[in-house]
Amino acid sequence: MCVLERARMLLHGSSDIVSFSGAGLSAESGLDTFRDAEGVWARYDPAVYASVKGFERDPDGVSEWYQQRRRSYAGARPNPAHVALAGRPMRHVTQNIDTLLELAGADDVIHLHGAIDRDRCHGGCGHLEAVDPANPPGLRPCPICGAAMRPDVVWFGELLPETEWSAALRAIAGADVLLVIGTSAEVWPAAGLIHTASDAGIPIVVVNVEPGTAQGIATYELVGQAGEIVPALLR
Ligand code: NAD
């Protein structure tokens with residue numbers, strides 16, 4: 001039996017699959033990954049565009065950059081991997097700030113790194129606002145406390161949102177398989193969830209165009225495009 005078939009049988013017999021995804025899940029929807037040679041951070045400096053210091057140094061410039069990114073996300077549509085994942089009852093833990101899993105119909109998605117369709121108060125008063133990525137607002141003050149509004153995404157050096165992190169840990173603790181899709185597993189602490197699952201003896205199925213991304217702890221590793229492999233795994 002080939003690896004794909006063995007992994008498919010494992011998933012078929014599982015009652016509590018948890019998916020853990022990264023930018024590669026949405027690459028075939030036209031969204032850039034971050035760490036690849038053509039990725040976002042090869043073209044833009046994360047210290048400028050994805051850090052608290054960068055935002056406080058140039059709030060207008062960072063807001064304008066996010067306005068452009070939001071417009072590019074607004075045109076993206078779920079690819080066959082999102083559709084296959086949403087079509088099977090499971091919980092999703094994602095590092096992605098896009099909402100393509102939800103657009104595909106998934107209703108249990110934990111966003112570890114925030115979401116592109118929300119702004120929050122940078123002053124920390126807790127005010128949140130929904131944002132239409134097709135018509136993103138520019139820099140503006142928080143209507144509650146007057147501090148600047150910023151994208152509700154996790155920047156370099158920031159802590160993960162506590163509620164989402166706890167929910168992710170609970171999801172993994174109850175999983176009988178972890179399906180890891182399109183992540184370089186280089187961004188911590190999110191990548192640590194794969195090790196948490198491994199330490200708990202939970203089988204891990206990895207889908208990635210590059211081999212070796214799960215640092216040798218994958219039970220089954222499928223090398224190829226998520227849009228082809230994930231539907232085949234979950235059929
Ligand atoms: P990453 O850029 O570090 O890694 C992407 C991974 O996806 C790589 O291992 C690559 O080999 C793989 N990949 C690329 N195309 C693929 C495909 N078609 N099928 C399967 N695998 C594919 O991304 P990451 O691990 O998610 O971590 C980067 C951070 O960037 C995260 O914090 C995330 O919040 C953020 N991010 C989000 C989005 C998004 O929301 N769509 C996009 C880029 C980055």
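A quick note before the points: helices here are DSSP runs of H or I with at least four residues, numbered from the N terminus. Keep in mind too that this is a predicted model.

1. Start with the ligand. By that numbering, helix α2, residues 24–27, gives the most to the shell around the ligand, with three residues. The shell as a whole has 29 residues, and the closest are Gln95, Asp98, His113, Thr183 and Ser184. By type, the shell residues split into nine nonpolar, 14 polar and six charged.

2. Where does the ligand lie with respect to domain 1 and domain 2? Domain 1 takes in 1–30, 77–113 and 160–235, while domain 2 takes in 32–75 and 116–153. Both of them give residues to the shell, so the ligand lies between them.

3. A few polar atoms deserve a look in your viewer. A backbone N or O atom of Gln95 sits 2.3 Å from a ligand oxygen; I'd check that one by eye. For Gly182, a backbone N or O atom is 3.1 Å from an oxygen atom of the ligand. Gln225 uses its side chain instead: one of its polar atoms lies 2.9 Å from a ligand nitrogen. As for cover, the ligand taken alone exposes 850 Å², and the protein buries 95% of that.

4. Now the salt bridges, of which a search of the whole structure finds nine. One of these joins the side chains of Asp16 and Arg91, with N and O 3.0 Å apart. Asp16 is in the loop between α1 (3–12) and β1 (17–21), and Arg91 is in strand β2 (residues 91–94), so this pair ties together parts of the chain 75 residues apart in sequence. Asp16 is partly exposed, at 22% relative accessible area. Arg91 also falls in the partly exposed class, at 23%.

5. Arg70 and Asp119 make another salt bridge, and their closest N and O atoms are 2.8 Å apart. Here helix α6 (residues 59–74) supplies Arg70 and strand β4 (residues 114–121) supplies Asp119, so parts 49 residues apart in sequence are tied together. Are these two buried or exposed? Arg70 has a relative accessibility of 3%, and because buried means under 20%, it counts as buried. Asp119 is buried as well, at 3%.

6. Strand β4 turns up again with Arg120, whose side chain meets that of Asp152 in a salt bridge of 2.7 Å, N to O. Asp152 belongs to strand β6 (residues 149–153), so to speak of distant parts of the chain is fair: the two residues are 32 apart. The partners fall in separate accessibility classes, with Asp152 buried at 11% and Arg120 partly exposed at 24%. On the subject of shared partners, salt bridges join Arg70, Asp119, Glu129 and Arg140 into one network.

7. Last, a glance at Gly123. Where is Gly123 found? It is in the loop between β4 and β5 (128–130). With a relative accessibility of 54%, Gly123 counts as exposed. Its C-alpha atom is 8.3 Å from that of Cys142, a residue 19 positions away along the chain.

Note on methods:
Residues are numbered from 1 along each chain as its sequence is written. This is a predicted model: local features need pLDDT of at least 70, side-chain atom pairs count only at pLDDT 80 or more; totals for chains, interfaces and linings use all residues. Side-chain values use heavy atoms; hydrogens and water are left out. A salt bridge is a side-chain nitrogen of Lys or Arg within 4 Å of a carboxyl oxygen of Asp or Glu. Buried means under 20% relative accessible area, exposed over 50%, partly exposed in between (1.4 Å probe, protein chains only). A residue is near a molecule or strand if one of its heavy atoms lies within 4 Å of it. A polar contact is a pair of N or O atoms within 3.5 Å; within protein, one must be able to donate a hydrogen and the other to accept it, and residues adjacent in sequence count only if both atoms are side-chain atoms. Accessible areas come from the Shrake-Rupley method with a 1.4 Å probe; for residues, only the protein chains shown count as cover. Ala, Val, Leu, Ile, Met, Phe, Trp, Tyr, Cys and Pro count as nonpolar, Asp, Glu, Lys and Arg as charged, and the others, Gly among them, as polar. Domain bounds come from an automatic or database domain assignment.
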